[in-house]
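Here is a short set of exercises to work through with the coordinates open beside you. Try each task before you read its solution.

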Amino acid sequence: MKKLNSLYLLICLNMLPVYSVVSAEANFPFDPFVEVVGGYSKALDSGTGLSENAGVYGIGLGMEIYKNVDLKAQYQDYSKIDVDSKALSVKTKIYNYELSYRYPVGHDVSVVAGLGAGYWKMTKHQGSSTFMANGVAPMARVGLDYDIDKNISASLSYQYVNAIGDLFTGEYDAHNMLFGVKYSFGGREEMVPAPALDRVVVEDFVVEEQPTPVISEVVPMAFCNKIVTPIMFAFDESVLSANNRAELRAVSQYMKANNLNGVSLVGYTDDKGSEKYNLSLSKRRVDAVENFFENEGLIVRHNIANGKDRTRFKSEYAKRRVDVYVDALLNKEIACDQKFAF
């Protein structure tokens, strides 16, 4: 009925080297997960006019191989399809793999899309005859994921399986509506703040008081609430822009001119995306700023990723930032420059 199998399978196989390169760039170990799915399946065969309903359930194992990219192996079992008008019944099982990508669109909600292929085994009974067949079919899925907590998420998705069966059993396409529950064994990695010392600073992190050096000549610099400057990032970005580097270089020059050395960094994201992803994103942003200062010969005494910033700002843009604190100035009250007043 359909001759698309070979083309789809070739596309899937040619994408594997790309996936290998992507996964090689990720940090090991990966977080494994187990997932169970169940739902409704409609079998459509335009050649014979078949349109029958069945149930489907499955269980899968997988891992997050890169940022928001999952690789999963799954077993699916379709309940028996009885076609009384043709005196036949069909039973199908599929062993499949899927590579999927999750794109955060809101608070703990992501759009997910996946491609893969499945090895199917079909048994068809018609009258006193039994036919058995097996083969490979391409598969595609699109849906929504919702993070219930750091370990558990739920999904609702539509899955399409192309051309199950062969010349002897007949072919049909499966259109599945699936509800799934996934448990991630790794969960969200908790960031441990610096040990409790003598002084608590804004944003609920603790730093050690540093002796204020004697400064004979101070280079002018704008401050806001003891933050030298908030380093702002674009949506879902953690790479320093040209403007970011210019701001950080000004901080570095100010500190060197005034014999200051230590800085503390606190990273944030906006409210979009899951806790796990935002914590990772804020950590990458802090690391980017830390690497810049270390290349400038300055000491980063504290590097803290807080994930989502729940402070109320007029714009979500204000939350996508890394705050830079000069340790020697933390015990001073400094007027807030309106340029940095969100």
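The exercises below concern a predicted model, and each one comes with a worked solution.

**Exercise 1. Find out how confident the predictor is along the chain, and where pLDDT stays under 50.**

Solution. Begin with the chain as a whole: the mean pLDDT is 75, and 73% of the residues reach 70 or more. Next, look for weak stretches. Residues 1–29 stay under 50, and the model gives them 30 contacts beyond four places in sequence. Over residues 188–225 the pLDDT is also below 50, with 81 contacts beyond near neighbours in sequence. Where pLDDT is low, the predicted coordinates should not be read in detail.

**Exercise 2. Classify the ring pair Tyr75 and Tyr95, and work out which parts of the chain it ties together.**

Solution. The structure holds 3 aromatic pairs. For Tyr75 and Tyr95, the ring centres are 5.2 Å apart, which is within the 6.5 Å cut-off. The planes meet at 45 degrees, so the pair is tilted. Now place the two residues: Tyr75 is in strand β3 (residues 69–83) and Tyr95 in strand β4 (residues 88–106), so the pair ties together parts that are 20 residues apart in sequence. To finish, check exposure: Tyr75 is partly exposed at 22% relative accessible area, and Tyr95 is partly exposed at 40%.

For practice, try Tyr183 and Phe185: their centres are 5.3 Å apart with 80 degrees between the planes, an edge-to-face pair. Tyr183 is partly exposed, at 37%.

**Exercise 3. Describe the salt bridges of Asp70 and Asp77, and say whether each of these two residues is buried or exposed.**

Solution. A search of the whole structure finds 13 salt bridges. Asp70 pairs with Arg102, with 3.2 Å between the closest N and O atoms. Asp70 lies in strand β3 and Arg102 in strand β4, so this bridge ties together parts 32 residues apart in sequence. Asp70 is buried at 5% relative accessibility, and Arg102 is buried at 13%.

Asp77 pairs with Lys91, the closest N and O atoms being 2.4 Å apart. This pair links strand β3 to strand β4, with Asp77 and Lys91 14 residues apart. Asp77 is buried at 8%, whereas Lys91 is partly exposed at 27%.

Last, follow the links outward: Asp70 and Arg102 belong to a salt-bridge network with Glu64, Lys182 and Lys276. Lys182 also lies over the face of Phe33, 4.5 Å from the ring centre.

**Exercise 4. Map the surroundings of Ser157.**

Solution. Ser157 is in strand β7 (residues 152–164). With 3% relative accessibility, this serine counts as buried. Its side chain makes a polar contact of 3.4 Å with the side chain of Arg141. Leaving out residues up to four places away in sequence, Ser157 touches Arg141, Val142, Gly143, Asn176, Met177 and Leu178.

**Exercise 5. Compare the settings of Ala163 and Asn259, each of which has a positive phi.**

Solution. Most residues other than glycine have a negative phi. Ala163 has a phi near 60 degrees, and for Asn259 the value is about 55 degrees. Ala163 sits in strand β7, while Asn259 is in the loop between α2 (242–257) and β12 (262–269). On exposure, Ala163 is buried at 0% relative accessible area, whereas Asn259 is exposed at 62%.

How values were computed
Residues are numbered from 1 along each chain as its sequence is written. Side-chain values use heavy atoms; hydrogens and water are left out. Rings of Phe, Tyr and Trp (its six-membered ring) pair if their centres lie within 6.5 Å; planes under 30 degrees apart count as stacked, over 60 as edge-to-face and the rest as tilted. Helices (H or I, at least four residues) and strands (E, at least two) are DSSP runs, numbered from the N terminus. Buried means under 20% relative accessible area, exposed over 50%, partly exposed in between (1.4 Å probe, protein chains only). A charge sits over a ring if NZ of Lys or CZ of Arg is within 6 Å of the ring centre and within 35 degrees of the ring normal. A polar contact is a pair of N or O atoms within 3.5 Å; within protein, one must be able to donate a hydrogen and the other to accept it, and residues adjacent in sequence count only if both atoms are side-chain atoms. Contact means heavy atoms within 4.5 Å. pLDDT is the predictor's confidence in each residue, from 0 to 100. A salt bridge is a side-chain nitrogen of Lys or Arg within 4 Å of a carboxyl oxygen of Asp or Glu.
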